[in-house]
Amino acid sequence: MRTLTIADNWKDWKFGDTDAVMTFTALDDDKVPDFSNRTLTFKIASTLNNDLEHPKDFAATATGYIQDKNVILKTEDVKQLTPGNYIVELWAMSNDTQKDAVYPSKGFAQFTIEENSMKVSDVTNIPSMTINAFWNAVMQKVGTLTKGAKGDPGQTPKIVIGSVTKLSPDAQPSATLVPLQSDPNTYTLNLQLPQGVQGEQGLQGIPGVGSKGLDGNNGLTPTIDPKTKHWMIGGTDTGVIAEGQAGKDADPSKYVTIVSFNQLRQQVQDNATALDALQKSAVNKDLQTQIANLTSQVTDLTSQVKALQEAKPDTPKSDEPAKSDNKDDQPAKSDTPASSADSPSTPASSSTTTPDSTPASAAPATSASSANTSDTSASSAAQ
């Protein structure tokens, strides 16, 4: 909330006293505001029957000056006011945003102009005794006056347009001239003008009338030329083929046949059977090594089968027989006796000696025999 109070020392002064200063204290929420970049203007109105809450007429404006964190009003700036009671506001306009802060937020500050001994306040009702006294005083002053030296020509003041504040329609217009601190001969003219009363709403205009536009021409329906298979628009050949082109034949080398797939699957099954038998008869480290080798082979073959299954098959239909690379159309025969693959545990079971008396060549022979058997089976399956 903004407050504005006037010091009691010059709250009252006499009409014609132009050498007095009224001191005002402006606060914003009990703090002294910063007026360094603001234009300060006092707005003064007279009161009716000393009723401070109901001003009678707007009387004058005057420039406010900053002094020791206070704002002062010089009586010489309001010398046109006649004796009576007056209320006053302080308007602080920002030079950047052109917005006003009004002090106080509620009510007014108040000062009084007293009548002087000459009682010259209303020229239409001056007593004759007062006129005679005034005339004698003037004549005494004239007798003491001497002609002074001719003064220098004065400077023509410069006036620049400042802010224009829009007031309510019932407000009184006002104007202020504020000297610039950088150039006292240049003044800023600030206007406070009431806006006009809003007029009555005008009559609604007649709706416009338009005519319907003409229908457009039918468009051309595209067709396909039966010979060239091109799109035709009217009689114009667009050169664009309306049918898709035949695709390229697939490369058979990138796919697996049913015969190769069945051979690989049979090879996996055979090795799995041999591995299972070998795992059941493992009694020493050599046999465990053979198991590990066979496990690795089975893993590799499983990966190959999985890769073939995931590849796009180029296989014959289910009702066509798979073609074989064998001239006699018979499965390839293995040169290795079946007993070698069927009895992977024979070397291990033929040894009846203890581990200390077992010959060193027994384990390698078994490993070699098993490896040969596995290689033979893989070769047979590949054929």
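These questions and answers cover the confidence, composition and nonpolar cores of a predicted model.

Student: What is the mean pLDDT of the protein chain?
Tutor: The model is predicted, so local features need pLDDT of at least 70, side-chain atom pairs count only at pLDDT 80 or more, and totals for chains, interfaces and linings use all residues. Residues are numbered from 1 along each chain as its sequence is written, and side-chain values use heavy atoms, without hydrogens and water. pLDDT is the predictor's confidence in each residue, from 0 to 100. In the protein chain 69% of residues reach 70 or more, and the mean is 75.

Student: Over which residues does pLDDT stay under 50?
Tutor: Where pLDDT is low, the predicted coordinates should not be read in detail. The stretch has 41 contacts beyond four places in sequence, a contact being heavy atoms within 4.5 Å. The residues are 317–383.

Student: Which strand gives the most to the largest nonpolar core?
Tutor: A nonpolar core is a set of buried Ala, Val, Leu, Ile, Met, Phe, Trp, Tyr and Cys residues joined through side-chain atoms within 4.5 Å; buried means under 20% relative accessible area with a 1.4 Å probe, protein chains only. Among the 26 residues of this core, those touching the most other members include Phe24, Ile44 and Phe111. Strands (DSSP E runs of at least two residues, numbered from the N terminus) that each supply at least two residues include S1 (2–6) and S4 (38–48). The most, 4 residues, comes from S8.

Student: How many residues are in the second, separate core?
Tutor: Its members include Phe261, Leu264, Leu301 and Val305. The number of residues is 5.

How values were computed
Buried < 20%, exposed > 50% of the residue type's maximum accessible area, 1.4 Å probe, protein only.
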